[in-house]
Amino acid sequence: MTLVLRPGTAWTDVWQRCLRAAPEAFHDDRVLNLWAGDWRADGRILPTASPVDGTPTAGLPRLDADTAHQAVRAALDQHRDWRHVPLADRKARVSAALDALARHRGLLALLLVWETGKPWRLAQAEVDRALDGVRWYIGEIDGMIAGRPPLPGPVSNIAGWNHPMSVLVHTMLVQALAGNAVIAKTPTDGGGPACLTLACALIAREDIPVTLVSGGGGDVALALVRAPEIGCVSFAGGRDTGGRVAAALADRRRRHVLEQEGLNAWGVWDYSDWGTLCGQIRGTFADAKQRCTAYARFVVRRELFADFLSAYLPAVRSVRLGHPLAVRDPGDDLPELDFGPLVNAAKAKELGDLVAEAIDGGAIPLHRGSLADARLLPGQDASAYMAPVALLDPPAGSPLHHAEPFGPVDTIVLVDTEAELLAAMNAGDGALVATLSTDEEETYARLSPRIRAFKSGHNAPRSRGDRAEHFGGLGASWRGAFVGGELLIRAVTQGPAGERPPGNFPEYHLMPPRAV
């Protein structure tokens with residue numbers, strides 16, 4: 001079967017649509033920075049390429065430290081004006097921005113495909129989730145914000161590359177709705193620079209104070225964390241980078257939300273509904289497990305292992321991956337895939353090396369997929385693609401034993417006692433989500449409180465959640481205030497003196513009254 005790129009979806013076609021939709025924000029083959037209310041062609045250009053097939057994409061303008069600090073100071077000026085805009089006016093402007101984003105839904109989704117590698121269905125869902133979530137806040141914010149003024153300074157956002165719309169743009173618009181100017185750093189490792197640029201251009205047209213800048217961690221990121229003008233730092237990413245952000249905040253009593261990775265585990269204990277589990281396992285491979293709530297560890301009671309494999313192996317073998325825009329005939333719909341490429345070729349190589357090292361150290365390969373089965377264009381660059389892998393009992397010294405791989409690699413651990421089950425599920429020092437598949441409600445009720453995850457599911461996966469659902473992490477997976485629902489508003493507004501927001505802080509750990 002020979003595949004072709006679907007007509008009208010080539011990067012050159014998508015880029016021309018960007019130039020027409022927001023000419024103020026795009027120039028030739030680069031995106032611009034937005035600060036002090038103007039789009040600027042400053043910064044040193046960093047070439048970028050799509051993980052989908054290596055096609056060169058939008059050049060990324062990296063600012064130096066001095067310019068980044070100027071942008072932060074300008075955002076403070078915007079913040080001082082915006083915080084006095086009545087809530088009704090803020091709601092009207094954010095609603096108008098959502099309408100504009102909705103009109104460009106298809107273009108935003110195509111940009112996500114090219115820049116993050118998401119399949120078409122997941123890219124559209126990413127855009128929809130962002131817009132629907134903010135619309136919910138518009139309807140609910142009056143009660144949440146009563147008596148809570150905005151922060152003293154703007155909110156800076158340093159997010160990972162994988163969810164530029166449903167996490168970053170969504171969060172920025174809610175922060176602005178609450179009365180704050182917002183700053184975002186374009187991720188330097190993928191992260192949809194053109195998608196973010198288009199979104200911010202449409203938002204800025206509604207006179208919402210948004211700043212979008214690019215640069216390295218030592219220049220831009222440091223300014224967005226340490227600058228005295230900043231009112232809150234919102235971060236989503238890995239533990240190493242999160243630790244550096246936390247260290248930069250250590251001598252500053254500043255509001256912060258640091259979402260870090262965790263090894264999310266799925267336990268199987270005294271369970272029998274293998275047909276349901278088979279479908280759930282395939283679902284865990286969405287986005288190539290490149291999401292903070294992906295399940296990468298399965299902990300299985302030894303006597304159930306044969307039954308588990310009868311569900312797991314058909315599921316992993318049914319996973320479909322490939323070029324998200326490749327079709328057999330030009331008029332075909334875009335393919336239904338579970339995932340496309342990883343963020344870049346370096347990540348694919350890194351994971352491949354970790355798998356090889358784990359096998360050399362004694363891990364047993366239960367499944368190793370092949371790119372020969374992937375839907376790829378003839379002769380295309382496939383260096384960022386990786387087929388699913390499943391390893392039994394990775395050695396204790398392997399990073400795959402205790403850390404999230406952030407890719408399509410599962411590790412499976414066999415246990416004999418409930419104590420071993422809990423130890424294996426908690427090997428990552430805290431997680432965002434967990435699941436325990438067990439037939440007995442009593443068993444789940446007894447064991448789930450001892451699983452170190454913010455959310456746990458009984459016979460079903462948990463996710464980040466939307467709307468009123470709270471979100472956070474336990475242990476090293478989270479620092480600072482929890483978010484979701486009213487907690488997100490509380491995190492970016494000022495409450496009464498002495499208020500202790502739910503979260504993980506050096507001084508205390510406080511769960512919400514009920515973790516929705």
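Here is a walk through the cavities and salt bridges of this structure, which is a predicted model.

Let's start with the empty space inside. The structure holds two cavities of 30 Å³ or more. The largest cavity encloses about 360 Å³ of space. If you want to find the middle of it, look for His 170, Thr 171, Arg 464, Val 483 and Leu 488, which are the closest to its centre among the 29 residues that line it.

Which parts of the chain build that lining? Helix H5 (120-145), strand S8 (155-158), helix H6 (164-177), strand S11 (232-237) and strand S12 (255-260) each supply at least two residues of the lining of the largest cavity. H6 gives the largest share, with six residues. As for the kinds of residue you'll meet there, the lining of the largest cavity divides into 14 nonpolar, nine polar and six charged.

Now move on to the second largest cavity, which holds about 60 Å³ of space. Its lining is short enough to read through in pieces. One stretch brings Thr 116, Gly 117, Lys 118 and Pro 119, another brings Trp 161 and Asn 162, and the rest are Asp 287, Ala 288, Gln 290, Phe 339, Gly 340 and Pro 341. By class, that lining has five nonpolar, five polar and two charged residues.

Asn 162 deserves a pause on the way. You'll find Asn 162 in the loop between S8 and H6. Is Asn 162 buried or exposed? Its relative accessibility is 11%, and because buried means under 20%, Asn 162 counts as buried. Leaving aside its neighbours within four places in sequence, Asn 162 is in contact with Lys 118, Glu 126, Gln 290, Arg 291, Cys 292 and Phe 406. Two of those contacts, Lys 118 and Gln 290, also turn up in the lining of the second largest cavity.

Next come the charged pairs. A search of the whole structure finds 26 salt bridges, and a few of them make good stops on the tour.

Take Glu 24 and Arg 205, whose side chains meet in a salt bridge at 2.9 Å, N to O. Glu 24 sits in the loop between helix H1 (11-21) and strand S2 (26-27), while Arg 205 sits in the loop between helix H7 (193-204) and strand S10 (210-213), so this pair ties together parts that are 181 residues apart in sequence. Both ends are partly exposed: Glu 24 has a relative accessible area of 28%, and Arg 205 has one of 41%.

Another pair to look up is Glu 336 and Arg 121, with side chains that meet in a salt bridge at 3.0 Å, N to O. This pair also links distant parts of the chain, with Glu 336 in the loop between strand S15 (326-327) and helix H12 (345-360), and Arg 121 in helix H5, 215 residues apart. Arg 121 counts as partly exposed, at 38% relative accessibility.

For a local link, go to helix H15 (residues 441-447), where Arg 446 and Glu 442 lie four residues apart, about one turn of the helix. Their side chains meet in a salt bridge at 2.9 Å, N to O. Arg 446 is partly exposed at 33% relative accessible area, and Glu 442 is partly exposed too, at 48%.

Some salt bridges also share partners, and in this way Lys 118, Glu 126, Asp 287 and Arg 291 are joined into one network. That brings us back to Asn 162, since its contacts include Lys 118, Glu 126 and Arg 291.

Methods. Residues numbered from 1 in each chain as written. Predicted model: local features only at pLDDT ≥ 70, side-chain atom pairs only at ≥ 80, totals over all residues. Heavy atoms only, no water. 1 Å grid on protein atoms, 1.4 Å probe; cavity = no way out; pocket = protein on both sides within 12 Å on 5 of 7 lines; lining within 4 Å. Points joined across faces, edges and corners; volume = space filled by probe spheres on them. Nonpolar A, V, L, I, M, F, W, Y, C, P; charged D, E, K, R; others polar. Salt bridge = Lys/Arg side-chain N within 4 Å of Asp/Glu carboxyl O. Buried < 20%, exposed > 50% of the residue type's maximum accessible area, 1.4 Å probe, protein only. Contact = heavy atoms within 4.5 Å.
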